[in-house]
Amino acid sequence: MVFFNTHTHFSKSPDFEILNIDLSQESTVYHSISLHPSNVSMADVSSLKHDLALNLNDNLLAIGEVGLDKLHKENFEIQINSFREIVLLSEIYKLPLILHCVKAWNELLQINNELKPIQNWIYHGFNKANILDEVLKTKIIISIGENILTNKKLQNKINQIPLNRLLLETDDNTISIEIIYQKVAEIYKIEIEELCEQIKINFSNTFVKWKNG
């Protein structure tokens, strides 16, 4: 079985995972370029635009994590302006977005409704059961991480997510991705082999540049 990992900071299985790297870094494995909203600036967006124009390659599968984070209110207006520009870059370069969203779902949804992106959006590290119904009304794909092991509210609602809109990840946790798969398979009451096969399909449909499948 192969356990696909949508978003990780620690590469373990490079053919079947997306490594999060910062704008200044380089990578020879499948990766995404992160402009974390906590300290993003319009200069970073200009640098991203420049780098995408010059260094687009088959290993770059997505842009992210990017998004909005109200825990960092001091630059929230900059976050919104930069995120709008990043969405446009996603569309130009046909790259999915891996989303970071903290206490800013309404603002993120508003931007989604206004810009009507064609590229896939992936809500990474999703753990807010109270907004699940709203997220499911959009086309946003949901990626679940280690929170599923302890978040009872999320455990009680996760099986409302259609299996074809689900991805799994480890984020910045060193936990084995297999443990997350096991828990999710248990909640959905399916064999882990079936879950692995479905996540492989979802991964390849979401990150269309991935080609080991």
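Let us start where helix H2 passes helix H3 in a right-handed crossing. The model is a predicted one, so the description below is a tour of that prediction. Two packed helices are described by the angle between their axes and the distance between the axes. For H2, which spans residues 76-93, and H3, which spans residues 105-115, the axes come within 11 Å and cross at roughly 35°. On the H2 side, the contact is made by Phe76, Ile80, Phe83, Arg84 and Val87. H3 answers with Glu107, Leu108, Ile111, Glu114 and Leu115. Sorted by character, the residues of this contact divide into 7 nonpolar, no polar and 3 charged.

Stay with H3 for a moment. Which residues of H3 are buried? They are Trp105, Glu107, Leu108, Leu109, Ile111 and Asn112. Two of the names to look for in both lists are Leu108 and Ile111, which are buried and also belong to the contact with H2. The surroundings of the buried residues take in further elements: besides H2, they pack against strand E4 (60-69), strand E5 (97-102), strand E6 (121-123) and helix H4 (132-136).

Just past the helix, the backbone is worth a look. Most residues other than glycine have a negative phi, and most peptide bonds are trans. Lys116, which follows H3, has a positive phi, near 45°. Lys116 is placed in the loop between H3 and E6, and at 61% relative accessibility it counts as exposed. Asp171 also has a positive phi, near 55°; its place is the loop between strand E8 (166-168) and helix H6. For the peptide bonds, turn to the step from Gly64 to Glu65, which is cis, with omega near 20°. Glu65 lies in strand E4, one of the elements against which the buried residues of H3 pack.

Now to the charged pairs. Side chains of opposite charge can pair when their charged atoms come close. How many salt bridges does a search of the whole structure find? The search gives 5, and three of them are followed here, beginning with Lys211 and Asp58, whose closest N and O atoms are 3.1 Å apart. Lys211 lies in the segment after helix H7 (192-206), whereas Asp58 sits in the loop between helix H1 (42-55) and E4, so the pair ties together parts that are 153 residues apart in sequence. Is Lys211 buried or exposed? With 57% relative accessibility, Lys211 counts as exposed, while Asp58, at 47%, counts as partly exposed.

The next salt bridge joins the side chains of Lys157 and Asp133, at 3.5 Å from N to O. This pair links distant parts of the chain, with Lys157 in helix H5 (residues 152-157) and Asp133 in helix H4, 24 residues apart. Lys157 has a relative accessible area of 19%; since buried means under 20%, Lys157 is buried. Its partner Asp133 is partly exposed, with a relative accessible area of 41%. Helix H4 has appeared before, as one of the elements packed against the buried residues of H3.

The third pair stays within one helix. Glu186 and Lys183 meet through their side chains in a salt bridge of 3.4 Å, N to O. Both lie in helix H6 (residues 177-188), 3 residues apart, about one turn of the helix. Glu186 counts as exposed, at 54% relative accessibility.

Definitions and conventions:
Residues are numbered from 1 along each chain as its sequence is written. This is a predicted model: local features need pLDDT of at least 70, side-chain atom pairs count only at pLDDT 80 or more; totals for chains, interfaces and linings use all residues. Side-chain values use heavy atoms; hydrogens and water are left out. Axes are lines fitted to C-alpha atoms, for helices over the stretch in contact, and angles run from 0 to 180 degrees between N-to-C directions. Helices (H or I, at least four residues) and strands (E, at least two) are DSSP runs, numbered from the N terminus. A crossing is left-handed if the near helix is turned anticlockwise from the far one by less than a right angle, and right-handed if clockwise. Contact means heavy atoms within 4.5 Å. Ala, Val, Leu, Ile, Met, Phe, Trp, Tyr, Cys and Pro count as nonpolar, Asp, Glu, Lys and Arg as charged, and the others, Gly among them, as polar. Buried means under 20% relative accessible area, exposed over 50%, partly exposed in between (1.4 Å probe, protein chains only). A salt bridge is a side-chain nitrogen of Lys or Arg within 4 Å of a carboxyl oxygen of Asp or Glu.
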